[in-house]
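Reader: I'm new to reading protein models. Could you walk me through this one, a feature at a time?

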Amino acid sequence: MDPEEKMAREGELAEKLAALGLEHGAGATVWRRVILDELAHHVEAREQYMAENGTNDTFAQYHGTALVIVVAVDQILRFEHRVRQLTGDAALQKARKAFDDEVGDSANNIRDVAMHLDDYAIGIGNRQTGKQGPAVTERYVRNTVYWTDLNESYISLGGHQLSIDRTAHAAVELAEVVERVRDSYQRRAMERWVAASNELTTREGDQAATDVDEP
C-alpha cells in the first residue's frame with residue numbers, strides 16, 4: 001500500500017475513533033459517568049425508603065434512576081460494539097463476554113421496553129403487537145423496581161428482570177475497557193498516519209531531487 005493510501009486509511013480510522021470519544025461529547029466515558037451519578041441517586045432513594053422516609057419524589061427518583069441506568073447501559077453496549085467493529089480488539093471482545101456472562105440478555109430485552117414504556121404501558125408496544133420479538137404477554141406493562149434483603153435493586157419490565165447494582169458495576173468496568181481500547185487505537189492510527197505522511201514527503205523530496213539532477 002502506498003503512503004497516500006495509508007494516510008487515507010489511517011486518517012479515516014483515527015477520525016472515526018475520535019468521533020466515538022469524549023472530545024465529541026460521546027462515547028462510553030459519557031455514559032459511564034451517567035451510570036455512576038444515577039446509581040448514587042438510586043441508592044440514596046432506596047435508603048430513604050428503607051428508613052421509611054420515602055416521598056413521592058424519592059419514589060419517582062428510585063424508579064426513574066433505574067430506567068436511566070438501563071438506557072445508559074444500552075449506550076455503553078452500543079459504543080462497545082462500534083469500537084470493536086473498528087478495532088477487532090481481543091481484550092475488548094473478552095470484556096464484552098465477561099459483561100454478557102454477568103448480565104445475560106436481560107439488559108437488551110428490558111432496554112426496548114424502558115425506551116418505549118409509554119407504548120407498553122397501554123398495550124401497544126412492538127413486542128406486544130407482534131412487530132418485534134421476544135413477545136411481551138403482559139397487557140399493561142408497569143415499571144417495577146424493588147430491593148432484596150441484600151440491599152440490591154432489581155428492575156422488572158416485560159417479563160424480564162435485571163439487577164440494577166450488578167449491571168451498573170459491570171457496565172462501568174466495560175466502559176473503562178472500551179475507552180482504553182478506543183484511545184489506544186486512535187493514537188496508533190495517528191502514529192501510522194504521521195509515518196505515512198513522512199514517507200510520502202521523503203519520496204516526493206527524492207523525486208524532486210532526481211528531477212533537478214536530470215539534464
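Author: Sure, let's start with one residue and its contacts, where contact means heavy atoms within 4.5 Å. Leaving aside neighbours within four places in sequence, Asn 109 is in contact with Arg 127, Pro 134 and His 160. Before we go on: this is a predicted model, in which local features need pLDDT of at least 70 and side-chain atom pairs count only at pLDDT 80 or more, while totals for chains, interfaces and linings use all residues. Residues are numbered from 1 along each chain as its sequence is written, and side-chain values use heavy atoms, with hydrogens and water left out.

Reader: Is Asn 109 buried or exposed?

Author: Buried means under 20% relative accessible area, exposed over 50%, and partly exposed in between, with a 1.4 Å probe and protein chains only. Asn 109 has 16% relative accessibility, so it counts as buried. Asn 109 lies in helix 5. Helices here are DSSP runs of H or I with at least four residues, strands are runs of E with at least two, and both are numbered from the N terminus.

Reader: What is the peptide bond from Gly 133 to Pro 134 like?

Author: That bond is cis, with omega near -5 degrees. Pro 134, one of the contacts of Asn 109, lies in the loop between helix 6 (117-120) and strand 1 (144-147).

Reader: How do I describe two helices that pack together, say helix 3 and helix 5?

Author: Fit axes, which are lines through C-alpha atoms, for helices over the stretch in contact, and take the angle from 0 to 180 degrees between N-to-C directions. Helix 3 (residues 56-87) and helix 5 (residues 106-115) have axes that come within 9 Å and cross at roughly 120 degrees. That makes helix 3 oblique to helix 5: angles under 35 degrees count as roughly parallel, over 145 as roughly antiparallel, 65 to 115 as roughly perpendicular and the rest as oblique.

Reader: Which residues of helix 3 and helix 5 meet?

Author: From helix 3, Leu 67, Val 70, Val 71, Val 73, Asp 74 and Arg 78 meet Ala 107, Asn 108, Ile 110, Arg 111, Ala 114 and Met 115 in helix 5. They divide into eight nonpolar, one polar and three charged. Here Ala, Val, Leu, Ile, Met, Phe, Trp, Tyr, Cys and Pro count as nonpolar, Asp, Glu, Lys and Arg as charged, and the others, Gly among them, as polar.

Reader: And at what angle do helix 3 and helix 4 pack?

Author: About 150 degrees, with the axes of helix 3 and helix 4 (residues 90-103) 10 Å apart. That makes helix 3 roughly antiparallel to helix 4. Val 73, Leu 77, Glu 80, Val 83 and Arg 84 in helix 3 meet Leu 92, Gln 93, Arg 96 and Phe 99 in helix 4.

Reader: How many residues does helix 3 have, and how far does it reach?

Author: The expected span is 1.5 Å times one less than the number of residues. Helix 3 has 32 residues and reaches 46 Å from first C-alpha to last, close to the 46 Å expected. Just after helix 3, Gly 88 takes a positive phi of about 65 degrees.

Reader: Which residue other than glycine has a positive phi near 60 degrees in the loop between helix 2 and helix 3?

Author: Glu 52, whose phi is near 60 degrees, lies in that loop. At 71% relative accessibility, Glu 52 counts as exposed. Asn 151 also has a positive phi, of about 60 degrees, although it is not a glycine. Asn 151 is found in the loop between strand 1 and strand 2 (153-157) and is partly exposed, with a relative accessible area of 37%.
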